[in-house]
Amino acid sequence: MTLILASQSASRRAMLVAAGVPFEATHAGVDEDAAKPALRHLSPRDLADALAELKALKVSARKPGYLVLGSDSLVALEDGSILDKPVDRADAADHLRRMSGARHDLWSAAVIAENGQVVWRHVERAKVFVRPLSDAFIETYLDTEWPAISGCVGCYRVEGPGVQLFEKIDGSQFTVLGMPLLNVLDYLRVRGELPA
């Protein structure tokens with residue numbers, strides 16, 4: 001059986017490649033902006049899970065006989081607000097100012113579907129502590145990282161210069177990268193898709 005990643009995320013693709021997992025990647029074709037209003041009543045954890053499920057099921061409907069992995073991540077601030085991907089550089093600067101000197105939760109969900117049905121799911125949280133950021137640092141950081149981080153919730157790539165934003169991270173680095181990889185690998189071994 002072939003695993004299909006219902007995502008064009010470079011980070012998620014890189015994790016699977018580095019882990020030696022054979023897969024194909026395809027765009028999920030889910031309009032998250034259209035889906036989110038109906039899901040806004042959900043907790044951040046459940047919203048990440050629901051969006052991952054939408055992606056997995058959408059591709060699974062087109063690809064019977066395959067395991068389809070959908071994944072989603074979101075940032076929830078301590079005040080309960082959720083940050084989406086920044087729409088432009090000014091929005092990214094605003095996100096960084098809002099996260100500065102505070103903790104946020106980064107939720108990453110993974111859902112696997114087969115023949116149009118969910119067969120597995122897992123959601124993880126990382127607690128991310130951002131150090132106080134000066135306006136000068138934010139501008140220098142965005143000079144380096146924009147537009148590469150335009151598709152990243154939280155406006156950072158922890159595997160790059162974004163690591164300079166943090167005082168501490170409680171949780172798996174894979175979760176911060178956008179997918180609870182160890183749990184995905186465990187399920188693929190249970191299914192016999194990877195050697196035990």
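This note sets out several points on the packing, the nonpolar cores and the backbone of a predicted model.

1. Two neighbouring helices may be considered at the outset. Helix α2 spans residues 32–39 and helix α3 spans residues 44–62. They pack at an angle of about 135°, and their axes lie 11 Å apart. That angle makes α2 oblique to α3, since angles over 145 degrees would be needed for the term roughly antiparallel. The crossing of the two helices is right-handed.

2. The residues that form this contact can be listed from each side. Helix α2 contributes Glu32, Ala35, Lys36 and Leu39. Helix α3 contributes Leu47, Ala50, Leu51, Leu54 and Lys55. By class, six of the contact residues are nonpolar and three are charged, while none is polar.

3. The largest nonpolar core of the model comprises 43 residues. Within this core, the residues with the most contacts are Leu69, Leu96 and Tyr156. Helix α7, residues 181–190, supplies the largest share of the core, namely five residues.

4. Which residues does tyrosine 156 contact, leaving aside its neighbours within four places in sequence? Among them are the aliphatic and sulfur-containing residues Val75, Met99, Leu106, Val128, Ile149, Leu165 and Val176. The list also includes His104, Tyr141, Gly162 and Phe166.

5. A second core, separate from the one just described, has 15 residues. Its members include Leu39, Trp107, Ala109 and Val111. Leu39 also appears in point 2, as one of the α2 residues in contact with α3.

6. The peptide bond between tryptophan 146 and proline 147 deserves inspection. This bond is cis, with omega at about 10°. Proline 147 is located in the loop between α5 (135–145) and β7 (166–170).

7. The loop between α5 and β7 also holds cysteine 155. Phi of cysteine 155 is near 60°, which is a positive value in a residue other than glycine. Is cysteine 155 buried or exposed? Its relative accessibility is 0%, so cysteine 155 counts as buried, because the term applies under 20%.

8. Asparagine 115 likewise has a positive phi, near 50°, and is a residue other than glycine. Asparagine 115 sits in the loop between β5 (103–114) and β6 (117–130). With a relative accessibility of 48%, asparagine 115 counts as partly exposed, because the term exposed requires a value over 50%.

Technical notes: Residues numbered from 1 in each chain as written. Predicted model: local features only at pLDDT ≥ 70, side-chain atom pairs only at ≥ 80, totals over all residues. Heavy atoms only, no water. Axes fitted to C-alpha atoms, helices over the stretch in contact; angles between N-to-C directions. Helix = DSSP H or I, 4+ residues; strand = E, 2+ residues; numbered from the N terminus. Parallel < 35°, antiparallel > 145°, perpendicular 65-115°, else oblique. Left-handed = near helix turned anticlockwise from the far one by under 90°. Contact = heavy atoms within 4.5 Å. Nonpolar A, V, L, I, M, F, W, Y, C, P; charged D, E, K, R; others polar. Core = buried A, V, L, I, M, F, W, Y, C linked by side-chain atoms within 4.5 Å. Buried < 20%, exposed > 50% of the residue type's maximum accessible area, 1.4 Å probe, protein only.
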